[in-house]
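Welcome! Here is a short, friendly tour to read alongside the sequence and the 3D view.

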Amino acid sequence: MMLPQKATQQLTKQHNRDLVLKTIIESQETSRAEIARATKLTRTTVSDVVAGLMEEGLVQEIGMSTSLGGKPSILLSLVPEARYLIGLNLAQDKFVGAVVNLRGEIKETIEMPVHGEDGQQALDLVYAILDQLTGSEWKPLIGIGVGAPGLINTREGIVINAVNLEWQDLPLAKLLQQRYHLPVSVMNDSQATAIGEFVYGGYNARSNLVVVNVTHGIGSGILIGGKLFQGDGGGAGEIGHVLVFDNHRLCRCGRTGCLETLASAQAVAQRLREESGAAEILDIDEIGHKFAQGDPLTRKIVLEAGQHLGVALGNMVGMLNIKNIIVTGTMTRFGQPWLEAIRQAMRQSALAGMTQETKIEPGKLDYRACILGASAHLLMDDYALLFSSSEN
Ligand SMILES: [Zn+2]
């Protein structure tokens, strides 16, 4: 198809603008000459684009470089406070929302405990958080990114099924757009967490990364070549419900033998109660305490949970040959002994040539990863939102 010349020019302009902006965002400071070198655009084009970005308030001049030999040049950087985004994490025992600047720095956080709210009540909690954050001093706001549990259709912003919240086919993005008149992105919380760890973890822009979130449930997000891989139905990375071995324990998905029934925080707590004969189920802090004290039964159960996870990750490495795996979530409190159990089992369940270079490390951002990833996703492939915000 031939585009009219004017449309083609417009596209080229937008492409150049995004290219220059991306280069500025990815470096703390840079110069027009460096941008020209990195983007292969002409100096004149770069200067024109930079002038436009400065006019938008997105880019600023921050002084002169002190390069040895060469001519000093004017340094440019992003203006982190030029725009704000909202990120939401709906996957915990509390809902957390935050205003985030363009460098991923959290400006304000609101938490609301969730005590079994579901359906409309849970939605009302989301509104309560967003009413406060959209009314705050941080302006202009350019979008809302949501990390929600369960199966999500990200393209249409629909929560297909989030069991704990009793949301089914909930058009969350549409509801929030109508209420707040802002663009909204909704994605699975583990996928959002993966984006957060990736974007703010210092990875090369085209790296591969798997981020596994091990809490009450287990999920993961897969980035291939720096892009989130969601699969054909949006559920890529849902490793919590792959069969590891049939322990005849009923999973919340209705089947038995899922990884979640073997390796999640919930599974550990349940098994510990059964095998210790305790009257009550312990919370994760109490289990952590027993583990740190060296209680043999607790250590056995936690480390076996790590091994089961390692087997599942070995299968993943066998299929994807990924070298960087990050684990996040409440189970990371069991530290190196748990990680080592995962690593050993991972190495035993795939070819040595593929696993020997695979690193399994804890994440750096805790629950903030989901918030930062959900908000970063709004700008991931398209900076257009940055340029249509003047009326908000
Ligand atoms: Zn299951």
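In this predicted model, helix 2 passes helix 3 in a right-handed crossing. After that pair of helices, the tour moves on to a zinc ion and then to helix 13.

**Helix 2 and helix 3**
- Helix 2 covers residues 32–39 and helix 3 covers residues 43–55.
- The two pack at an angle of about 115 degrees, and their axes are 9 Å apart.
- On the helix 2 side, the contact is made by Arg32, Ala33, Ile35, Ala36 and Thr39.
- Helix 3 contributes Arg43, Val46, Ser47, Val50 and Met54.
- Sorted by class, this contact has six nonpolar, two polar and two charged residues.

**The zinc ion**
- His241 coordinates the zinc ion through ND1, while Cys251, Cys253 and Cys258 each do so through SG, at 2.0 to 2.3 Å.
- Along the chain, these donors follow the spacing H-x9-C-x1-C-x4-C.
- The arrangement is tetrahedral because the four donor atoms subtend angles of 103 to 121 degrees around the zinc ion.
- Cys251 is buried, with a relative accessible area of 5%, whereas Cys253 is partly exposed at 35%.

**Helix 13**
- Helix 13 spans residues 368–377 and is mostly covered, with eight of its ten residues buried.
- The buried residues are Ala369, Cys370, Ile371, Leu372, Gly373, Ala374, Ser375 and Ala376.
- What do the buried residues of helix 13 pack against? Their partners are strand 4 (84–89), strand 5 (94–101), strand 6 (106–113), strand 7 (141–148), strand 11 (184–188) and helix 6 (189–199).

Technical notes: Residues are numbered from 1 along each chain as its sequence is written. This is a predicted model: local features need pLDDT of at least 70, side-chain atom pairs count only at pLDDT 80 or more; totals for chains, interfaces and linings use all residues. Side-chain values use heavy atoms; hydrogens and water are left out. Donors are N, O and S atoms within 2.8 Å of the metal (3.2 Å for Na, K and Ca); water is not among the atoms, so sites may look incomplete. Four donors count as tetrahedral if all angles lie between 85 and 135 degrees; four count as square planar and six as octahedral if opposite donors are over 155 degrees apart and all others between 65 and 115; anything else is irregular. Buried means under 20% relative accessible area, exposed over 50%, partly exposed in between (1.4 Å probe, protein chains only). Axes are lines fitted to C-alpha atoms, for helices over the stretch in contact, and angles run from 0 to 180 degrees between N-to-C directions. Helices (H or I, at least four residues) and strands (E, at least two) are DSSP runs, numbered from the N terminus. A crossing is left-handed if the near helix is turned anticlockwise from the far one by less than a right angle, and right-handed if clockwise. Contact means heavy atoms within 4.5 Å. Ala, Val, Leu, Ile, Met, Phe, Trp, Tyr, Cys and Pro count as nonpolar, Asp, Glu, Lys and Arg as charged, and the others, Gly among them, as polar.
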